[in-house]
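The following exercises are each set out as a task and a stepwise solution. Please consult the sequence and the structure while working through them.

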Amino acid sequence: MGNKGDKISRRGVLGKVTQGFAVLGFGGFLWGGALRDFSRADLVLRPPGALPEADFQKACIKCGQCVVACPYDSLVVAAPGDGVPNGTPHFIARDIPCYMCTDYPCIEECPSEALTVDMVTSDGKASINNAKMGLAVIHKESCIAYWGIQCDACYRACPLIGEAITLELEQNEQTKKHANIKPVVNSDACTGCGICEHVCVVEKAAIRVLPREIATGEVGAHYLKSWDESDENRIRSIKEKKESNGDIHSTLDYLNNLDGLIDE
Ligand code: SF4
Ligand code: SF4
Ligand code: SF4
């Protein structure tokens with residue numbers, strides 16, 4: 001069953017429909033201006049095992065079985081006016097996060113494969129630790145640990161302690177004697193469960209979970225890590241492609257023109 005906490009009594013789907021969906025106030029984020037361009041539907045957090053959002057919306061038959069199966073009442077059904085596709089399940093991390101049940105009953109109960117074990121399977125092994133519900137992002141200006149005040153509530157609450165959140169030491173710029181101990185999220189390990197957001201001690205959580213499509217950036221083809229084997233393979237495959245087209249120039253040429261080469 002779950003990793004943490006007492007089991008909360010189950011309530012019916014209708015009861016959950018009435019749960020309010022507080023508008024997520026992202027104005028204070030580093031990229032708050034950019035986030036204003038997103039609708040609430042763009043910021044929705046789906047249960048573990050959910051297909052990519054567009055596919056999820058097509059596959060989900062809005063039966064609410066995942067919602068009823070959740071022992072922590074984490075999942076709510078979107079109601080009219082929520083700004084989230086009506087009848088679909090989601091969770092609001094600050095209210096009740098996903099407690100990452102090791103037997104993921106929400107996925108098991110889904111009859112339509114909108115939630116599927118495949119989405120939490122990596123290297124042939126299914127585990128809730130492979131879930132990617134979202135990605136936790138820290139707003140440093142409102143995290144008191146970044147001020148130099150001792151706080152590691154999110155770090156300690158994280159089910160993947162020491163993996164999804166690690167602590168970094170940095171000299172306190174004010175005193176020059178003490179160290180600030182700052183939480184840092186590691187995107188490879190973070191499942192987006194939202195427990196960190198739920199426990200954050202400040203008034204409006206300084207750590208928030210966002211859908212990965214919004215929280216993550218994308219480098220594009222122009223930037224290469226010479227020390228990264230996968231990037232070397234990428235260059236090699238571009239070069240081979242170019243050679244097979246009988247039009248290979250110098251290495252410098254194709255590095256300078258990656259866009260064109262890739263588009264061909
Ligand atoms: S894995 Fe999360 S959403 Fe699914 S049943 Fe458990 S607490 Fe609920
Ligand atoms: S960092 Fe937060 S969202 Fe990510 S796994 Fe840990 S508690 Fe969950
Ligand atoms: S619980 Fe909140 S304030 Fe405390 S270290 Fe984590 S993000 Fe910062």
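**Exercise 1.** Is Thr116 buried, partly exposed or exposed, and why?

*Solution.* The model is predicted: local features require pLDDT of at least 70, side-chain atom pairs count only at pLDDT 80 or more, and totals for chains, interfaces and linings use all residues. Residues are numbered from 1 along each chain as its sequence is written, and chains are lettered from A and ligands numbered from 1 in the order in which they are written.

Step 1. Recall the cut-offs: a residue is buried if 20 or more other C-beta atoms, placed from the backbone, lie within 10 Å of its own, exposed if 12 or fewer, and partly exposed in between.

Step 2. Thr116 is partly exposed, because 17 other C-beta atoms lie within 10 Å.

Step 3. Locate Thr116: this residue lies in the loop between helix H5 (105-109) and strand S3 (121-122). Helices (H or I, at least four residues) and strands (E, at least two) are DSSP runs, numbered from the N terminus.

Step 4. List the contacts, which require C-beta atoms, placed from the backbone, within 7 Å. Residues up to four places away in sequence not counted, Thr116 touches Gly49, Leu51 and Ile107. The C-alpha atoms of Thr116 and Pro48 are 8.4 Å apart, although 68 residues separate the two along the chain.

**Exercise 2.** Determine the burial of Gly194 and its surroundings.

*Solution.* Step 1. Gly194 has 27 other C-beta atoms within 10 Å and is therefore buried.

Step 2. Its place is the loop between strand S7 (179-185) and helix H8, the latter spanning 195-199.

Step 3. Neighbours within four places in sequence aside, Gly194 contacts Leu45, Phe91, Ala93, Pro97, Cys98 and Val209.

**Exercise 3.** Which residues of strand S5 are buried on each face, and with which strand does S5 pair?

*Solution.* Step 1. In a regular strand, side chains alternate between the two faces of the sheet.

Step 2. In S5 (residues 135-138), Leu135 and Val137 are buried on one side, and Ala136 and Ile138 are buried on the other.

Step 3. S5 pairs with strand S8 (residues 207-210) in the antiparallel sense through four bridges; pairing requires at least two DSSP bridges. Arg208 in S8 is the bridge partner of Val137.

Step 4. The largest nonpolar core has 56 residues, and Ala136 is one of those with the most contacts inside it. Such a core is a set of buried Ala, Val, Leu, Ile, Met, Phe, Trp, Tyr and Cys residues joined through C-beta atoms within 7 Å. S5 gives the most to this core, with four residues.

**Exercise 4.** Describe the shells around the three ligands.

*Solution.* Step 1. A residue is near a molecule if its C-beta atom, placed from the backbone, lies within 6 Å of it.

Step 2. Ligand 1 is surrounded by 16 residues, the closest being Cys70, Cys98, Tyr99, Cys101 and Cys106. Ligand 2 has 15 residues around it, of which Cys158, Ala164, Cys190, Cys193 and Cys196 come nearest. For ligand 3 there are 14, with Cys143, Cys151, Ala153, Cys154 and Cys200 closest.

Step 3. Classify the residues: Ala, Val, Leu, Ile, Met, Phe, Trp, Tyr, Cys and Pro count as nonpolar, Asp, Glu, Lys and Arg as charged, and the others, Gly among them, as polar. The shell of ligand 1 has 14 nonpolar, two polar and no charged residues; that of ligand 2 has twelve nonpolar, three polar and no charged; that of ligand 3 has 13 nonpolar, no polar and one charged.

Methods. Contact = placed C-beta atoms within 7 Å.
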